[in-house]
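Thank you all for coming; I would like to walk you slowly through one part of a structure that may be new to you. Please bring up the view, and we can begin.

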Amino acid sequence: MKTLIKSNALIDGANREPIVNGCMLIEDGVIKAVGKEEDFGSLDEVKVEDLTDYYLMPGLINSHTHLSVVPGLGDQLGQLRLPGERNILRSMPNIKKDLASGVTTMRIMGEEHFIDVEIKKAIQEGLIEGPRLLVSGRGIVASNGHGAALTLSDGEEEVRKHVRENLAKGADQIKLFVTGGVSSSGKGLDFCGYTAKEVAAAVEEADRMGTYCAAHAHGGKGVDLCIQEGVRTIEHGALVTEKQVEKMIRRNMWIIGTFSILFHPEGIEKSDFSDPSIKEKVLRARETEAEVFDMVLKSGVNLALGTDSMHGQMSYEAKCLTRFGANNWKTIQAITKHAAEACQVEDLVGTLEVGKLGDFIALEENPLENIEALEKVKEVYKEGRRILK
Ligand SMILES: [Zn+2]
């Protein structure tokens, strides 16, 4: 079945200039042609979907989130420790929110009990509706590290074993927790939980299976270790220095900004501010974030964004990046084309080009002119199929 999608304007994500009255021909979920309707020739036996009221753009990609966690409820690690059955159910409304906000692909950065692997399967099998998932399985974290929920990996042997188990269960990539974090009590953001050898062991195991390591890392020695030992994506990076960013550029690494969790009033602020150490870390990170990301943006290092469990908040995430100085085009790329590259799915999604999957969203306004247009997602299509009105 072929479908012709008509638009007011089509932002393909690869070219800055939208195609006015752009059309897309989709067959079996794959984009077969993009351009002006008159270029397509005669179109017999084609179903037409009239979206000429809307601006179309690629489906959003959330490069860093979780499934079961709701930051506003507090104690995120406690939430991860809940029984798997319960967390599968707790994930359902979150997935729904993500999808409704226009997210058609998301990278899951750590869950216990392999609930991410099972939910990914359920979505693939069509049991439930949801974004395409790229899963990490259990986070790899030291006993005294930030992110320590149930599975703890100390020493090279345990790191290797747990990375291998994750990969055997179906992890797409490996998530390490290397430095301290804002949402756990105690240790500072530049605390480093792992040795070079432990990070190297994880990278080697992932690399041998054709994938990579993503690391929760804010700054300090932990970021140095990640750069040195071959981690591919630095998650958060609230305290990265110019020197570190220069090295990341040389190694073609990525920074994944996660602003919603830090700034949104429904995030950590709503729950864990009763813990003075968390409050202090959040406030400090908020202060440094604007300066650090101004530098990050100017450096030209690879950048993508994720909401880190702030479900349905990709528009807020995007708005934060524009506040730090990115123009709308750069921001849109950080949640589409560049995000697809960060997550290594650029052959499938991220732009509306021939050969890619028909994942796209319909907006009332042009997000290139007003980034807040992302707040009102009118239609979501995944692989050419309309999944939400
Ligand atoms: Zn996270």
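Let me start with two helices, keeping in mind throughout that this is a predicted model. Helix α5, which covers residues 196–208, and helix α6 have axes that come within 9 Å of each other and cross at roughly 45°. Angles under 35 degrees would count as roughly parallel and those from 65 to 115 as roughly perpendicular, and α5 and α6 are therefore oblique to each other. As for its hand, the crossing of α5 and α6 is right-handed.

From α6 we can move to the strands. Strand β10, residues 213–217, runs parallel to strand β11, residues 233–236, and four bridges join the two. Helix α6, residues 221–229, lies on the path that the chain takes from β10 to β11, and this β-α-β crossover is right-handed. If you would like one pair of residues to look for, A215 has I234 in β11 as its bridge partner.

On the other side of the connection, β11 is also joined by three bridges to strand β12, residues 254–257, and these two strands run parallel as well. Here the chain passes from β11 through helix α7, residues 242–250, to reach β12, in a β-α-β crossover that is again right-handed. Within this pairing, E235 stands opposite I256 in β12.

Finally, which residues coordinate the zinc ion? They are H64 and H66, each through NE2, together with D308 through OD, at 2.1 to 2.3 Å. Along the sequence these donor residues follow the spacing H-x1-H-x241-D, and both H64 and H66 are buried.

Terms used:
Residues are numbered from 1 along each chain as its sequence is written. This is a predicted model: local features need pLDDT of at least 70, side-chain atom pairs count only at pLDDT 80 or more; totals for chains, interfaces and linings use all residues. Side-chain values use heavy atoms; hydrogens and water are left out. Two strands pair if DSSP finds at least two bridges between them. A crossover is right-handed if, with the strands pointing away from the viewer, the path from the first strand over the helix to the second runs clockwise. Donors are N, O and S atoms within 2.8 Å of the metal (3.2 Å for Na, K and Ca); water is not among the atoms, so sites may look incomplete. Buried means under 20% relative accessible area, exposed over 50%, partly exposed in between (1.4 Å probe, protein chains only). Axes are lines fitted to C-alpha atoms, for helices over the stretch in contact, and angles run from 0 to 180 degrees between N-to-C directions. Angles under 35 degrees count as roughly parallel, over 145 as roughly antiparallel, 65 to 115 as roughly perpendicular and the rest as oblique. A crossing is left-handed if the near helix is turned anticlockwise from the far one by less than a right angle, and right-handed if clockwise.
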